[in-house]
Amino acid sequence: MVLGAGLLRLFGNNPQAGWLQLLLDAFHFSTIERVETGGKVIPILLAFILPIGMTVILGEGILRVFSIYIQRRVNRKEWDLMVVKTFNNHTVICGVGEMGRQLLQRMVAEQPQMDMVLIDPHPGLLAELGLSNDHAIHFQGDMADVDMLERANIRSAKLVILTAGKDALNLEAAFKIQQINPEVTVWVRLHHSGLAELLDLSGKPQIHFFCPYQQAAEAIVDHIMERKIV
């Protein structure tokens with residue numbers, strides 16, 4: 001339509017028309033309606049070309065989406081990318097080991113309809129966890145890779161949980177996520193809290209650190225002491 005408006009500007013029958021009017025004229029050329037062309041060749045050609053061009057472009061897009069949907073089991077990656085782009089305020093879990101799986105199962109039990117994206121190099125993760133592809137998408141790859149984080153639609157996520165077993169990997173991913181989306185809430189598994197100071201992450205109000213061993217020890221000791229008192 002912009003190209004059509006430009007051609008109308010150069011060759012149209014109303015050289016005094018503004019750009020908005022030219023865009024409107026180009027839009028009418030793209031519909032199946034009789035248009036006044038003033039007998040000039042370029043407007044007449046546009047009246048033929050624009051409807052055909054728009055039909056081809058829209059038709060190709062619709063057919064492509066339909067084809068990907070029909071063959072979504074074969075073109076899994078392409079389909080997953082399309083689905084994740086529709087997610088908003090979803091949860092991203094990076095590093096789905098034993099800790100990540102426990103968190104994931106608990107969150108699914110609390111909110112079964114929650115949309116989530118999992119990033120982990122381990123194949124067949126959804127099948128192992130018994131999750132369907134309706135609300136959970138698994139990207140097999142490196143959680144610290146910027147392209148992988150972009151695929152997970154971090155820009156639209158409301159929560160990211162980093163649960164890899166290596167502090168350095170979790171901190172690297174947290175730093176890159178902070179660069180992509182400074183507003184998203186991030187929970188980082190970290191054994192050595194002093195490492196957070198190295199990347200200036202501890203001062204960020206939306207970034208939280210947790211140590212599963214410390215929290216487990218506190219819960220176990222509390223339980224033991226309660227039993228002893230009783």
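Colleague: What makes strand 1 (residues 91-94) and strand 2 (residues 116-119) a pair?

Modeller: Two strands pair if DSSP finds at least two bridges between them, and here four bridges join strand 1 to strand 2, so the condition for pairing is met. The two strands run parallel, and isoleucine 93 has leucine 118 as its bridge partner in strand 2. This is a predicted model, in which local features need pLDDT of at least 70, side-chain atom pairs count only at pLDDT 80 or more, and totals for chains, interfaces and linings use all residues. Residues are numbered from 1 along each chain as its sequence is written, while side-chain values use heavy atoms, with hydrogens and water left out.

Colleague: How do you know which strand is joined to strand 1 besides strand 2, and where does isoleucine 93 have its partner there?

Modeller: Four bridges also join strand 1 to strand 4, and these two run parallel; in strand 4 the partner of isoleucine 93 is isoleucine 161. Strand 4 is in turn joined by four bridges to strand 5, again running parallel, and leucine 162 stands opposite valine 188 in strand 5.

Colleague: What order do the strands of the sheet take, and why are some of them said to stand at the edges?

Modeller: The six strands form an open sheet in the order 3-2-1-4-5-6, with parallel pairing. Strand 3 (136-139) and strand 6 (207-210) each have a single partner strand, so one side of each has no neighbour in the sheet, and this is what places them at the edges. From one strand to the next the twist averages 15 degrees, where axes are lines fitted to C-alpha atoms (for helices over the stretch in contact) and angles run from 0 to 180 degrees between N-to-C directions.

Colleague: What do the helices and strands of the protein come to, and how do you know where one is counted?

Modeller: The protein has nine helices and six strands, each being a DSSP run, numbered from the N terminus (H or I, at least four residues, for helices; E, at least two, for strands).

Colleague: Why is the aromatic pair called tilted, rather than stacked or edge-to-face?

Modeller: One aromatic pair is found in the whole structure. The rings of tryptophan 187 and phenylalanine 210 have their centres 6.4 Å apart and their planes at 50 degrees. Rings of Phe, Tyr and Trp (its six-membered ring) pair if their centres lie within 6.5 Å, and planes under 30 degrees apart count as stacked, over 60 as edge-to-face and the rest as tilted; the pair is therefore tilted. Tryptophan 187 belongs to strand 5 (residues 185-189) and phenylalanine 210 to strand 6, 23 residues apart, and the pair thus links distant parts of the chain.

Colleague: Are these two residues buried or exposed, and how do you know?

Modeller: Buried means under 20% relative accessible area, exposed over 50%, and partly exposed in between (1.4 Å probe, protein chains only). Phenylalanine 210 has 8%, so it is buried, whereas tryptophan 187 has 36%, so it is partly exposed.

Colleague: What makes isoleucine 177 count as buried, and what is it in contact with?

Modeller: Isoleucine 177, which lies in helix 8, has a relative accessible area of 0% and is therefore buried. Leaving aside neighbours within four places in sequence, its contacts (heavy atoms within 4.5 Å) are Leu149, Ile154, Val160, Leu162, Val184 and Val186. Two of these residues, Val160 and Leu162, point one way from strand 4 (residues 159-162), while Leu159 and Ile161 point the other way, and all four are buried.

Colleague: How do you know that lysine 176 and glutamate 172 form a salt bridge?

Modeller: The term requires a side-chain nitrogen of Lys or Arg within 4 Å of a carboxyl oxygen of Asp or Glu, and here the N to O distance is 2.9 Å, so the pair qualifies. Both residues lie in helix 8 (residues 167-180), four residues apart, about one turn of the helix. Lysine 176, at 23%, is partly exposed, and glutamate 172, at 36%, is also partly exposed.

Colleague: What makes glutamate 150 and arginine 155 a salt bridge, and why do they count as they do in accessibility?

Modeller: Their side chains meet at 2.8 Å, N to O, which the cut-off admits. Glutamate 150 counts as partly exposed because its relative accessibility is 30%, and arginine 155 counts as exposed because its value is 53%.
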